Structure formats: structure tokens, C-alpha cells
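User: I'd like to go through this one with you. Can you take my questions as they come?

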Amino acid sequence: MIRTIRAKFILGFFVIFTVFFLILNQWVTRNIEAGNRSAISDSLIDLKKNSNNYIRQSFLTHHFTSDEIYFEQIAEDMGTDLQHTASGGVGMYSLAGELLYTSDQSNFKAGGDDLAKAMQGKTAYTIAKINGEVSILYAYPVVVNGTKVGIIRFAKDFTPLYEQSRAMQRTIFFIALAVFTAAFLFSYILSRHVTVPLVKLMQASNEVKDGNLHVRIAFKRKDEIGSLATNFSSMIEKLREQFLTIEKDRDRLEELIDHRKRFFDNVTHELKTPLTTIMGYSEIILMNGAKDPVIFRKGMGHIMDESKRLHDMVLRLLEMSKASEGGNNFERVDAARILRDVSESMAIKAKRYKKTIHCKASHDLFVYGQSDRLRQLFINLLDNAIKYSSANSEIEVTAHLDAQAVRIVVTNEGETISPSNLEKIFEPYYRAGNVVNEEVSAGLGLSISKSIVDEHQGLIRITSNNGQTSVQIELSFMNAERK
């Protein structure tokens with residue numbers, strides 16, 4: 001089984017060239033043969049026309065009651081004259097096929113398909129090819145004044161015509177062979193020009209597969225293969241850089257995990273002290289606090305103090321957690337894909353409230369951001385749209401590229417929001433309308449959404465007219481070339 005591209009190239013070109021060469025040779029042979037037959041037919045037609053003119057003139061000078069008898073009497077004279085005119089052998093026959101005269105007995109053997117057809121009143125000729133020589137036997141009935149009087153048979157040599165045709169055919173054959181040979185050699189060289197670099201690329205890719213990221217390929221050529229080799233080397237270099245980055249991130253992650261373990265151990269110890277105090281005084285109060293006001297007040301005071309300390313500690317932990325997250329893990333993410341995923345997952349909740357989500361997002365809408373934060377942004381927007389849209393309505397979600405900005409729009413039908421409410425809608429804990437389900441809204445969804453958009457240096461705005469509310473977001477589009 002042929003596996004290499006080079007072998008497939010060579011075999012394919014060889015088969016194609018061989019088939020076309022055979023077809024061309026067959027076509028040339030047929031056309032040359034057809035040309036020869038056409039030349040022979042034209043020559044014989046002229047010969048018949050000239051012979052008929054001569055015979056008519058001979059019959060005009062004599063008047064016999066039987067033209068057939070006269071034909072037999074002057075057959076030798078006419079044959080002799082026609083021999084010089086025809087430049088070939090001449091045979092004169094009666095209508096019954098009896099030989100009356102022949103210029104060369106060897107040329108006119110008894111019988112023959114042409115003679116048989118002439119006896120039937122037809123004009124015919126046969127071609128004989130012997131030892132490279134080509135001769136024609138041509139016979140037709142002689143008609144004088146509408147009456148058949150005899151048969152004339154010619155023998156002509158057409159060997160020069162066929163030799164000329166064979167010479168032409170050989171010339172075409174060798175020219176075609178030379179052209180096809182040159183084309184085949186060119187194809188072979190071209191296949192090597194293509195396959196040799198591909199083999200080197202394959203070998204290099206095998207080394208990369210085995211873990212060698214220091215392999216490099218460079219071809220001194222400016223075509224597509226040269227560009228492929230350059231891109232391959234660049235890809236390997238980027239892979240090496242990425243692996244180095246991954247190794248550094250792995251070390252940093254291990255260090256961070258160790259740091260967080262120590263941190264949580266300390267936090268657990270710190271949280272344990274106020275909780276122990278609160279639990280202890282709670283038990284004391286539960287046992288006899290109602291009977292002893294002093295113990296009750298003292299216990300409640302300790303519980304309040306430790307509760308405040310615990311509250312402050314939790315707030316500090318939250319602040320530390322937020323600070324540790326930072327904003328450094330931004331990357332190139334597909335906002336359209338995240339939006340489609342969120343729309344699909346939120347469709348279940350929408351269906352529960354007899355609403356549907358229709359998402360139409362273009363592909364490859366890349367932005368520079370955090371996928372988790374963008375997912376939270378889209379969840380908040382769709383959750384708000386579900387809560388505040390009318391029953392049995394459809395929520396439209398679209399995302400497309402507008403100039404160099406990714407524009408995302410979430411539209412729902414419901415109560416129109418007044419301009420005064422729109423001014424405060426992004427404030428924390430603010431609610432512009434009533435929620436239509438059993439869940440309680442704290443009024444933080446749009447505030448958090450705005451903070452996420454601000455983190456991504458984007459724009460967010462809300463419009464509400466004629467019972468239709470739209471949230472529009474613009475994020476900077478990130479091209480593939482942008483780093």
C-alpha cells in the first residue's frame with residue numbers, strides 16, 4: 001500500500017500521463033487514417049470522372065448498335081490510353097466479370113470484393129497493405145447513354161501517401177513523448193520540492209511530540225512551505241514559553257496553597273476563641289442566668305463583645321479575600337460562548353416562570369477579561385430579566401461585533417421603568433419594581449453587574465420604553481493578534 005505523498009505523486013502523474021499519451025496516440029492514428037481515406041476517395045473520384053469523359057468521347061466517334069460489343073472491341077485501346085492517364089494499372093472487364101484487357105496481370109487477380117460490387121452496378125475499392133506497401137483496386141461499371149457497357153478496374157499505388165502519414169505520426173509520437181517526459185520530470189521535481197520539506201516537518205513534529213521543544217526548522221524559500229516552517233518554529237517557541245509560564249504558575253500555585261493552608265490554620269485558631277467564649281456564656285445564661293441578673297448582664301456583655309470581634313474578623317477576611325483575588329487573571333475569552341452557555345442554563349429557570357430566552361450571538365466575540373466574572377454578569381442580567389418580565393413573554397439576547405466593540409443586549413417585556421428610577425438603578429440595594437416570583441431580590445444584581453463591566457473597562461446602560469426594557473453592554477473587542 002502506498003503511504004508516502006511522494007510515491008502517490010509519482011504514481012498518479014505516471015498513470016495520468018500514460019493514459020493521456022495512449023489516448024493522444026490513438027486519436028492521432030485515427031485522424032491520420034481518416035485523412036488518408038479521404039485523400040484516396042478524392043483521388044479515385046477524379047480518376048473516375050476523367051475516365052468517364054474519355055470513354056464518352058470514344059463512343060461519340062463511333063455508332064454501334066451494341067455499345068457493349070463496341071466496349072469489348074476497343075477495350076485494349078482504351079485500357080492502354082487510360083493507363084497513361086491514371087498513372088497506374090488498368091483492367092477492362094465485361095459486365096459478366098470476364099477480363100478483356102489488363103496492363104499488368106499481376107495487379108488484377110481473379111475475383112475481388114471491388115469487382116463483385118462493380119458487377120452489381122456499384123462503385124467500390126479495396127485496400128491491400130503488404131510489406132509496408134499500400135495498393136488500391138478500384139472498380140466501377142461504365143455507363144454510356146444510360147446503359148452499362150462494361151467494367152473498368154484500376155490498380156493504384158498509395159504507398160507514398162501512407163509513408164508520409166507514418167512519418168507524420170512518428171513525429172507527433174516523439175514530440176508528445178518528449179513533452180510528456182518533460183512534464184513527468186517536472187512533476188517529479190515538483191513533488192520532491194513539496195514532499196522533502198514536509199518530511200522534515202513530520203520529523204520535527206515527532207520530536208516535539210516526544211518532548212523536544214528546542215527543535216527548529218528553517219527553509220530558504222518564500223512560498224507557502226517556507227511560511228509553514230516559520231510558523232511551526234514560532235509555534236514551538238510559543239509552546240516553550242507557555243510551558244515555562246505553566247511551570248512558574250505551578251510553583252507559585254504550590255506556594256499559594258501552602259500559604260493558604262497556614263492562613264486557614266491561623267484563622268481557625270482565631271475564630272475558635274470568640275466562639276468558645278460565646279458558647280460558654282450562652283450555656284451559663286441558659287443554666288442560671290434568669291435567676292442571677294449579674295451573671296446575665298455579664299454574660300450578655302461578653303457575648304456582644306465577642307460577637308462584634310467575630311464580625312470585624314469576618315469583614316477583614318472578606319476584604320483580604322477580595323484583595324487576594326485581584327484583577328491580574330484577565331485573559332482572552334470568548335464572550336459569545338459564555339453568553340450562549342448562560343442563556344441555555346437560565347432557560348430552565350425561565351421555563352419555570354413560563355418565559356423563554358432567545359439567544360442570537362455571533363461567533364468569536366473575544367474580549368480581554370475574566371470568564372467567571374463575565375458569567376456572573378450574564379447570569380445577573382438574565383436573572384433580572386426573568387424576574388421583571390411579563391408572564392408568557394420572550395427574552396431577547398443578542399451579541400454582535402460593532403466596529404471594535406462587542407455589543408451585548410438583553411431585552412425583556414414588562415413594566416416600563418421611569419427615568420427617575422433609571423438614574424438610581426445601578427445603586428446597591430435599589431429596586432425599581434416588584435419581583436413577580438417567590439424569591440426575594442436584595443437589589444444587588446445590577447450594582448454587581450456594573451462593577452464587573454467597570455472592571456472590564458466597558459460601558460453599561462439601560463433603556464426602558466413602551467413596556468420594553470433593554471440592558472446594553474459594550475466591551476472592547478480583542479483581535480487574535482492583540483497580546
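User: Is arginine 250 buried or exposed, or something in between?
Analyst: This is a predicted model. In it, arginine 250 has a relative accessibility of 47% and so counts as partly exposed, since that class lies between 20% and 50%.

User: What does arginine 250 form a salt bridge with?
Analyst: Its partner is aspartate 251, with the closest N and O atoms 3.5 Å apart. Aspartate 251 is also partly exposed, as its relative accessible area is 40%.

User: How many salt bridges does the structure hold?
Analyst: The structure holds 14. One of them joins the side chains of arginine 153 and aspartate 114, at 2.9 Å from N to O.

User: Where do arginine 153 and aspartate 114 sit in the chain?
Analyst: Arginine 153 is in strand E5 and aspartate 114 is in helix H4, which covers residues 113-119. The two are 39 residues apart, so the pair links distant parts of the chain.

User: Buried or exposed, those two?
Analyst: Arginine 153 is buried, because its relative accessibility is 1% and the cut-off for buried is under 20%. Aspartate 114 is at 0%, so it counts as buried as well.

User: E5 came up there. What is the strand order in its sheet?
Analyst: The order is E2-E1-E5-E4-E3, five strands in an open sheet with antiparallel pairing. Strands E2 (99-102) and E3 (124-130) are at the edges with a single partner strand each, so each has one side without a neighbour in the sheet. From one strand to the next, the twist averages 20°.

User: Which helix packs on that sheet?
Analyst: Helix H5, residues 159-209. H5 touches E3, strand E4 (133-144) and strand E5 (147-157), and the direction of H5 makes about 135° with that of E4.

User: And the other end, how many bridges between E1 and E2?
Analyst: Three, in the antiparallel sense, with E1 spanning residues 89-93. Tyrosine 93 stands opposite leucine 99, which is in E2.

User: Back to salt bridges. What does glutamate 474 meet?
Analyst: The side chain of glutamate 474 meets that of arginine 407 in a salt bridge, 2.8 Å from N to O. Glutamate 474 lies in strand E12 (residues 468-476) and arginine 407 in strand E10 (residues 405-413), so this is a link between distant parts of the chain, 67 residues apart. Both residues are buried.

User: Which residues are linked in a network with them?
Analyst: Asp402 and Arg461 are linked with Arg407 and Glu474 in a network of salt bridges.

User: Which face of E11 has Arg461?
Analyst: Arg461 is on the uncovered face of strand E11 (residues 459-465), along with Leu459, Thr463 and Asn465. The covered face has Ile460, Ile462 and Ser464.

User: How do E11 and E12 pair?
Analyst: They pair in the antiparallel sense over seven bridges, and arginine 461 stands opposite glutamine 472 in E12. The two strands form a hairpin with two residues between them. Asparagine 466, in the turn, has a positive phi of about 50°.

User: Changing topic: which residues make the nonpolar surface patch of about 440 Å²?
Analyst: Leu11, Phe14, Val15, Val19 and Ile23 make that patch.

User: Which helix is isoleucine 23 found in?
Analyst: Isoleucine 23 is in helix H1, residues 5-60.

How values were computed:
Residues are numbered from 1 along each chain as its sequence is written. This is a predicted model: local features need pLDDT of at least 70, side-chain atom pairs count only at pLDDT 80 or more; totals for chains, interfaces and linings use all residues. Side-chain values use heavy atoms; hydrogens and water are left out. Patches are made of residues with over 30% relative accessible area and no salt bridge: like charges are joined within 9 Å, nonpolar side chains (Val, Leu, Ile, Met, Phe, Trp, Tyr) within 5 Å. Accessible areas come from the Shrake-Rupley method with a 1.4 Å probe; for residues, only the protein chains shown count as cover. A salt bridge is a side-chain nitrogen of Lys or Arg within 4 Å of a carboxyl oxygen of Asp or Glu. Helices (H or I, at least four residues) and strands (E, at least two) are DSSP runs, numbered from the N terminus. Two strands pair if DSSP finds at least two bridges between them. Axes are lines fitted to C-alpha atoms, for helices over the stretch in contact, and angles run from 0 to 180 degrees between N-to-C directions. Contact means heavy atoms within 4.5 Å. Buried means under 20% relative accessible area, exposed over 50%, partly exposed in between (1.4 Å probe, protein chains only).
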